[in-house]
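Trainee: Could you take me through one part of this model closely? I would like to see how its strands are paired, and then how that part compares with the rest of the chain.

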Amino acid sequence: MRLQKPSTAILVGILLFSAEACSKNGGTPPTNPPPPPPPAPTITAISPTSGPFNTAVTITGTNFSTTGSDDTVKFNGAVATVQSATATSIVAIVPVGADTGVVTVTANAKTATGPVFNYIYTYTVSTLAGNGVLGYVNGAGASAEFKQPTGVAVDGQGNLYVVDTYNSVIRKITAAGVVSTLAGNTTAGYVDGAASSAEFNEPFGGIAVDGQGNVYVTDTYNNRIRMITSSGVVSTLAPSYTAAFYNPAGAALDGQGNLYIGDAGNNRIRVISTTGQVTTMAGNGTAGFADGIGPVAAEFNNPYGVIVDPQGNVYVADATNNRIRKITPSLVVSTLAGNGTAGFADGAAASAEFNTPVGLGLDSLGNLYVSDYSNNRIRKITPSGVVSTLAGNGTVGFADGPAASAEFRFPYGIAVDPHGDVYVADYFNNLVRKITKQ
């Protein structure tokens, strides 16, 4: 029997059916639908909600990766180390310097924002330069020697400038900790000119540095204000023939380049303008205590350290009055902190007690730091007016370590760098100390 060929109609039908099937499937064989995207993480709580660096914080929520390396945890934008992780819980270690801010978790390419973690800074005291011996040696920090340093200033590159009082020189400490002599030849005298042959006469306390690297010094027993240019030339900035100083001991620059002087022996705060004009900002010359309008009614008693904030307010360590004073740009003098009693008390500014405050520093947040000389402590005044002890246990001695147990021997000058680390001229320990903020 012969097989019949399929008819043309049957062949056309088969072809049409195949074309229709391919059209319905997009021209490809049917596939399974793609899996849904992974769910976004959520944060419901953190514990604890405050602490210093290295605090272990438990973050609870949902949809975390169970592989810790796939979870990115940040405290105020600073990346933390993930110690362990489950789908609903992460333990993360707070990084150094995180500051206060929100906690975030990124998992599955999505980020969840949680509560604020309040970062608590810790402070540690170390010796930046000096071996404690009363002498004069340059070199690496630990081998250097000073002779009762009284002033410090820091520039934008992290270099520190030191008033080495009884060596009658100005020293420089690089960010790497190497000590050299910036100006002065160790002879107590008065000579302008090249830095290596210039002479100072026991400069005390006051030092400031501008953005161009020029250094200003209160040459106390020459009763002059000196300038060391960035190229290494020493000159006399003041006095002029019409302005005299008497044991100047504090110096600070404002944002316009005006120089403020704690003219201790005259019980006045003076200003040297960028054109070299000297005026009295506050103090009528009487050794006493009175708030009021600056050069007329206000009185100081041995004003030493001065510092200027970005708004043009000037703060004064009024040493013998045991107070911190404030002078506004309109020349109104008030008492910022201290009740006048020579003692030690933290707390509200009005009831706080100091004992011969001499040096002042200011950080970027508006906190004021005070060298509380006879209390052997470094104090802090917040913008809201709360006084606390930053470092020092009050014992006259020497001890590095945690700030609360550290010891100083009559700390004098003080400076704060942009990071918030504090530098101290530790007068009778013949050292430059550093208080590191972490």
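Mentor: Start at Ser 371. Its bridge partner in strand 33 is Ile 378. This is a predicted model, so read each detail as a prediction. Strand 32 covers residues 368-372, and strand 33 covers residues 377-381. The two pair in the antiparallel sense, over five bridges. Now step back to the sheet around them. It is an open sheet of five strands, in the order 30-34-33-32-31. The pairing is antiparallel. Strand 30 (347-348) and strand 31 (357-362) are the edge strands. Each of these pairs on one side only.

Next, go back along the chain to strand 28, residues 323-327. Four of its five residues are buried, so strand 28 is largely enclosed by the rest of the structure. Look at its partners. Strand 27 (residues 314-318) runs antiparallel to strand 28, and five bridges join them. Ala 317 has Ile 324 as its bridge partner in strand 28. Four residues lie between the strands in this hairpin. Asn 322 takes a positive phi there, near 55°. Strand 29 also pairs with strand 28. That pairing is antiparallel, with four bridges. Here Ile 327 stands opposite Val 333. The hairpin of strand 28 and strand 29 again has four residues between the strands. In this hairpin Leu 331 has the positive phi, near 70°.

Stay with strand 29, which spans residues 332-337. Val 332 belongs to this strand. Its relative accessibility is 35%, so Val 332 counts as partly exposed. Val 332 also joins Ile 293 and Val 296 in a nonpolar patch on the surface. Together the three have about 260 Å² of accessible area.

Another hairpin is worth a look. Strand 19 (residues 224-228) and strand 20 pair in the antiparallel sense over four bridges. Ile 228 has Val 234 as its bridge partner in strand 20. There are four residues between these strands, and Gly 232 takes a positive phi near 90°. Strand 20 (residues 233-238) is also joined to strand 16 (residues 193-194). Those two run antiparallel, with two bridges. In that pairing, Ala 194 is matched with Val 233.

Now turn to the nonpolar interior. In soluble globular proteins, nonpolar side chains tend to be buried together. In this model, the largest nonpolar core has 18 residues. Those with the most contacts inside it are Ile 59, Val 73, Phe 75 and Phe 117. Several strands each supply at least two residues of this core, among them strand 1 (42-47), strand 3 (56-62) and strand 4 (72-75). Strand 9 gives the largest share, three residues. Take Phe 75 as an example. Leave aside its neighbours within four places in sequence. Its contacts then include Val 57, Ala 80, Ala 92, Val 102 and Phe 117.

Finish with the charged side chains. The count comes to eleven salt bridges. One of them joins Asp 263 to Arg 270, with the closest N and O atoms 2.6 Å apart. Both of these residues are buried. Another salt bridge joins Arg 433 to Asp 400, and there the closest N and O atoms are 2.9 Å apart. This pair links distant parts of the chain, 33 residues apart. Arg 433 is in strand 38 (residues 431-437). Asp 400 is in the loop between strand 34 (386-391) and strand 35 (401-402). Strand 34 is also a member of the five-strand sheet. Compare the burial of the two ends. Arg 433 has 0% relative accessibility, so Arg 433 counts as buried. Asp 400 has 35%, so Asp 400 counts as partly exposed.

Lys 434 is a further case. Its side chain meets that of Asp 421 in a salt bridge (3.9 Å, N to O). Lys 434 is also in strand 38, while Asp 421 is in the loop between strand 36 (411-416) and strand 37 (422-426). These two are 13 residues apart. Asp 421 counts as buried, because its relative accessibility is 6%. Last, salt bridges also form a network, which links Asp 192, Asp 219 and Arg 226.

Note on methods: Residues numbered from 1 in each chain as written. Predicted model: local features only at pLDDT ≥ 70, side-chain atom pairs only at ≥ 80, totals over all residues. Heavy atoms only, no water. Patch = residues over 30% accessible without salt bridge, like charges linked within 9 Å, V, L, I, M, F, W, Y side chains within 5 Å. Areas by Shrake-Rupley, 256 points an atom, 1.4 Å probe, with all protein chains shown as cover. Salt bridge = Lys/Arg side-chain N within 4 Å of Asp/Glu carboxyl O. Buried < 20%, exposed > 50% of the residue type's maximum accessible area, 1.4 Å probe, protein only. Core = buried A, V, L, I, M, F, W, Y, C linked by side-chain atoms within 4.5 Å. Contact = heavy atoms within 4.5 Å. Pairing = 2+ DSSP bridges.
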